[in-house]
Amino acid sequence: MYTPSQIFVKWEEIMYIVMIGAPGSGKGTAAKILAKELNLPHISTGDIFREQIKENTNLGIEASKYISKGILVPDDITIEIFKNRLAKDDVKNGGIFDGFPRTMAQVKALDEMLVKVNKKVDLVIELKIPDDVIVQRILNREVCSNKECGAIYNSKFKPSKVPGICDICGSKLVARVDDTEESIKKRIKIYYENLGGMIEYYREKNILYSIVPEDPTSDKASEQAVNSVLQKINNR
Ligand code: ADP
Ligand code: ZN
């Protein structure tokens, strides 16, 4: 596991953590584990959009136009829904942000939102996974259909004990509608287009912590990534 040496975060002050990683990098899985370990809410804009789509709200209908094409939901819509989520009580003392911000406009918007309440992004975790692994991970991705659970599996790298059934809650596992090969390629391309600026911005602030898992195909890659962060926090 490679981790950079110069990072000047005060680990005891960490509240707001941003997870950055390509689609299929395991950032969702890592964010869930980290949220549980640090007892902070896990906030995923992808999950919020999927919920809205399921409930057929106006926002859901609008967002699905973009998500089904494998492109980003426009910044104004995304920033608005994130702002509403950030305003809830459970995020007052911190949160793990998974999939937001994803563009420079969102990066700036997030800073502005947090500054208003005298807070800031304390740590940015970047998961670096090779592209071929990413494609394989998404193509074989299975998610628990039970919204309350939302466990993520991979039929190749991290299979459930009983095929098609969630280990945790016993619900059916399903593929995500946007996990087609065409959509994946587009999402990865868009990810890299936005990545450079974000990385530069957070690196300059000295809050970027990049992780390159030794074996990214391992079913434990996300757990190992989280452990390396927790170790850092605990050894402060
Ligand atoms: P992935 O990381 O595999 O793309 P997510 O669950 O994070 O999956 O997001 C699913 C889709 O939701 C994205 O492809 C995109 O269309 C939309 N989305 C999620 N977060 C954002 C965001 N911050 N900005 C714009 N679109 C987003
Ligand atoms: Zn489940």
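This note sets out numbered points on a predicted model of a protein with a ligand.

1. Overall dimensions. The protein contains 8 helices and 8 strands. Its radius of gyration is 17 Å, close to the 18 Å that the globule rule gives for 236 residues, so the protein is as compact as a globular protein of that length. Along the principal axes, the C-alpha atoms occupy a box of roughly 45 × 40 × 35 Å.

2. Burial and contact range. Of the 236 residues in the protein, 33% are buried. Among contacts with a separation of 6 or more, 72% are made by residues 24 or more positions apart.

3. The nonpolar core. The largest nonpolar core has 38 residues. Within this core, I17, M19, L34, I96 and I125 touch the most other members. M19 can serve as an example: once its neighbours within four places in sequence are set aside, M19 is in contact with K27, A30, A31, I96, F97, D98 and I125. Two of these partners, I96 and I125, also appear among the core residues that touch the most other members.

4. Strand β3. This strand covers residues 95-98, and its side chains alternate: G95 and F97 point one way, whereas I96 and D98 point the other way. All of these residues are buried. The contacts of M19 listed above include I96, F97 and D98.

5. Partners of β3. Strand β1 (residues 16-21) pairs with β3 in the parallel sense, over 4 bridges. In this pairing V18 stands opposite F97. Strand β2 (residues 42-44) is likewise parallel to β3, and 3 bridges connect the two. Here the bridge partner of H42 is I96.

6. The open sheet around β5. A separate point concerns an open sheet of 3 strands, whose order is β6-β5-β7 and whose pairing is antiparallel. The edge strands are β6 and β7, each of which pairs on one side only.

7. Strand β5 and its residues. β5 spans residues 141-144. R141 and V143 point one way from the strand, and E142 and C144 the other way. Which of these four residues are buried? All of them are, the charged residues R141 and E142 included.

8. Register of the open sheet. β5 is joined to β6 (residues 152-154) by 3 bridges, and the two strands run antiparallel. Two opposed pairs fix the register on this side: R141 stands opposite N154, and E142 stands opposite Y153. On the other side, β5 pairs with β7 (residues 173-174) over 2 bridges, again in the antiparallel sense. In that pairing V143 stands opposite V174.

9. The ligand shell. How many residues surround ligand 1? There are 15, and the closest are P23, T45, G46, L72 and G99. The elements that give two or more residues to this shell are α2 (45-54) and α3 (58-67). Of the elements, α2 gives the most, with 3 residues. By class, the shell has 7 nonpolar, 5 polar and 3 charged residues.

10. Residue K69. This residue is found in the loop between α3 and α4 (75-86). K69 has 13 C-beta neighbours inside 10 Å and therefore counts as partly exposed. K69 and I233 are 164 residues apart in sequence, and their C-alpha atoms are 39 Å apart in space.

11. Residue E204. Helix α7 (residues 181-204) contains E204. Is E204 buried or exposed? E204 is exposed, because 9 other C-beta atoms lie within 10 Å and the cut-off for an exposed residue is 12 or fewer. Its C-alpha atom is separated by 34 Å from that of D178, although the two residues are 26 positions apart along the chain.

12. Residue D215. The loop between β8 (208-211) and α8 (221-234) holds D215. With 11 C-beta neighbours inside 10 Å, D215 counts as exposed. The C-alpha atoms of D215 and K128 are separated by 11 Å, and the two residues are 87 positions apart along the chain.

Conventions. Residues numbered from 1 in each chain as written. Chains lettered and ligands numbered in written order. Predicted model: local features only at pLDDT ≥ 70, side-chain atom pairs only at ≥ 80, totals over all residues. Near = placed C-beta within 6 Å. Buried ≥ 20, exposed ≤ 12 C-beta atoms within 10 Å, placed from the backbone. Pairing = 2+ DSSP bridges. Core = buried A, V, L, I, M, F, W, Y, C linked by C-beta atoms within 7 Å. Contact = placed C-beta atoms within 7 Å. Rg over C-alpha atoms; globule rule 2.2 N^0.38 Å.
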